[in-house]
Protein chains: 2
Amino acid sequence: MAVHERTMGSDLSTRDRLLKAARELFFQKGYASTSIADILQAAEANSGSLYHFFPTKQDLLLAVLEGYRTGIGRMLLEPAWRGVEDPIERVFALLARYRMLLERSECAYGCPIGSLALEIHEPDPVVRELLAANFDEWTSAIERCLVDAGDRLPRDVDRRGLAIFALTTMEGGVMQARTHRSLAPYDAAVRHLKAYFRMLEAAAATREEAA
Amino acid sequence: MAVHERTMGSDLSTRDRLLKAARELFFQKGYASTSIADILQAAEANSGSLYHFFPTKQDLLLAVLEGYRTGIGRMLLEPAWRGVEDPIERVFALLARYRMLLERSECAYGCPIGSLALEIHEPDPVVRELLAANFDEWTSAIERCLVDAGDRLPRDVDRRGLAIFALTTMEGGVMQARTHRSLAPYDAAVRHLKAYFRMLEAAAATREEAA
């Protein structure tokens with residue numbers, strides 16, 4: 001999918017404006033509730049350019065999802081991990097980033113990938129696979145932290161599964177915080193994930209001593 | 001909200017048919033994608049009866065959410081907990097129920113409350129509060145199990161917070177399983193929640209011995 005392929009001159013900015021408008025509207029209103037007219041108005045574009053770049057609304061969705069996938073480092077991980085070198089602290093620094101997004105929005109924030117994953121009830125395979133690829137990017141980034149943590153975690157801990165568990169904490173925590181309009185459920189979930197990590201670290205340390 | 005108030009004769013069945021059609025369509029297609037025409041067709045009702053019982057689509061949504069809230073025992077907890085007396089096993093029996101729902105649907109299942117909580121981007125306060133009340137029912141049922149577990153868990157463990165953490169595991173696990181069309185992420189998340197519980201139980205047992 002060549003969604004980031006650059007075209008010449010004014011084509012570039014029109015395409016980018018359409019993409020930005022779609023990303024923001026899907027985030028604010030959801031996919032089904034966003035109309036083509038909404039996108040044209042927000043992008044200040046005409047329907048001819050829209051259909052030239054994105055023949056269907058789903059093409060726009062795919063481009064938005066591909067943008068999230070390729071932008072995860074720049075938009076999410078790098079700002080979350082600036083100045084944080086410890087791999088286990090990085091897991092919680094990423095979760096703290098979502099807390100900040102919740103706090104700034106008075107808990108109206110929703111993870112754009114998680115929201116689209118639940119909003120679109122019967123996604124075409126290409127949409128579902130790109131949603132899954134976004135989750136995979138997130139999970140792989142955390143899995144790398146857990147691998148970097150080395151023997152600070154017990155050797156037999158499934159690090160991929162633990163990364164998936166960190167993602168359930170974020171997604172389920174954001175969902176509850178957003179619904180209760182309160183940080184309390186998010187904080188409770190992260191606190192328990194942290195307690196679990198401390199116990200895993202203690203178990204690894206004890207075995208190290210015993211060996 | 002007297003959504004379960006019974007009215008006479010044929011009124012009853014028309015109202016119930018409308019409610020059932022709305023619940024099933026919101027679950028299958030989402031709220032925004034369900035039209036009034038879809039509901040009338042599925043309920044075999046005319047628009048006059050619909051507007052008599054539910055003047056707006058949101059009134060139908062509220063009645064559906066209230067039905068989930070009041071029906072949680074009968075529809076979810078009782079079947080999940082049949083034959084399971086141990087309070088900690090009940091936590092995992094409830095999570096196993098969602099696994100069965102995922103398995104039966106070839107992982108297309110989504111929690112109806114979680115899906116509506118993320119689909120509806122700017123819910124009216126009355127909708128949001130009823131979504132939150134549904135989460136509260138679920139969390140309170142698990143919290144009661146954790147209270148019943150008594151000193152099998154460390155005394156200082158926040159049982160409400162731990163119930164919230166169980167809900168993040170379910171919601172985040174269902175979201176990932178549905179997106180990957182695979183039980184593996186759900187199983188990984190539940191496995192880690194179970195490991196955390198085993199560690200909490202071990203910590204409680206150790207302190208018991210020491211005391």
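A trainee and a mentor discuss how labels are assigned in this predicted model.

Mentor: Residues are numbered from 1 along each chain as its sequence is written, and chains are lettered from A in the order in which they are written. The model is predicted, so local features need pLDDT of at least 70, side-chain atom pairs count only at pLDDT 80 or more, and totals for chains, interfaces and linings use all residues.

Trainee: What makes A:Cys107 buried?

Mentor: A residue is buried if 20 or more other C-beta atoms, placed from the backbone, lie within 10 Å of its own; 12 or fewer means exposed, and in between means partly exposed. A:Cys107 has 21, so A:Cys107 is buried. A:Cys107 also has a positive phi of about 65°, although it is not a glycine.

Trainee: Why is B:Arg181 called partly exposed?

Mentor: B:Arg181 has 14 C-beta neighbours inside 10 Å, so B:Arg181 counts as partly exposed. Its phi is positive too, about 50°.

Trainee: How do you know that chain A and chain B have the relation of a two-fold axis?

Mentor: Superpose by least squares on C-alpha atoms of residues with pLDDT of at least 70 in both copies. Chain A lies on chain B with an RMSD of 0.0 Å after a turn of 180° and a shift of 0.0 Å along the axis. That is therefore the relation of a two-fold axis. The same surface serves both copies, as 100% of the contact residues of chain A recur in chain B.

Trainee: What makes two residues count as in contact?

Mentor: Their C-beta atoms, placed from the backbone, lie within 7 Å. On that basis, 39 residues of chain A are in contact with 39 residues of chain B.
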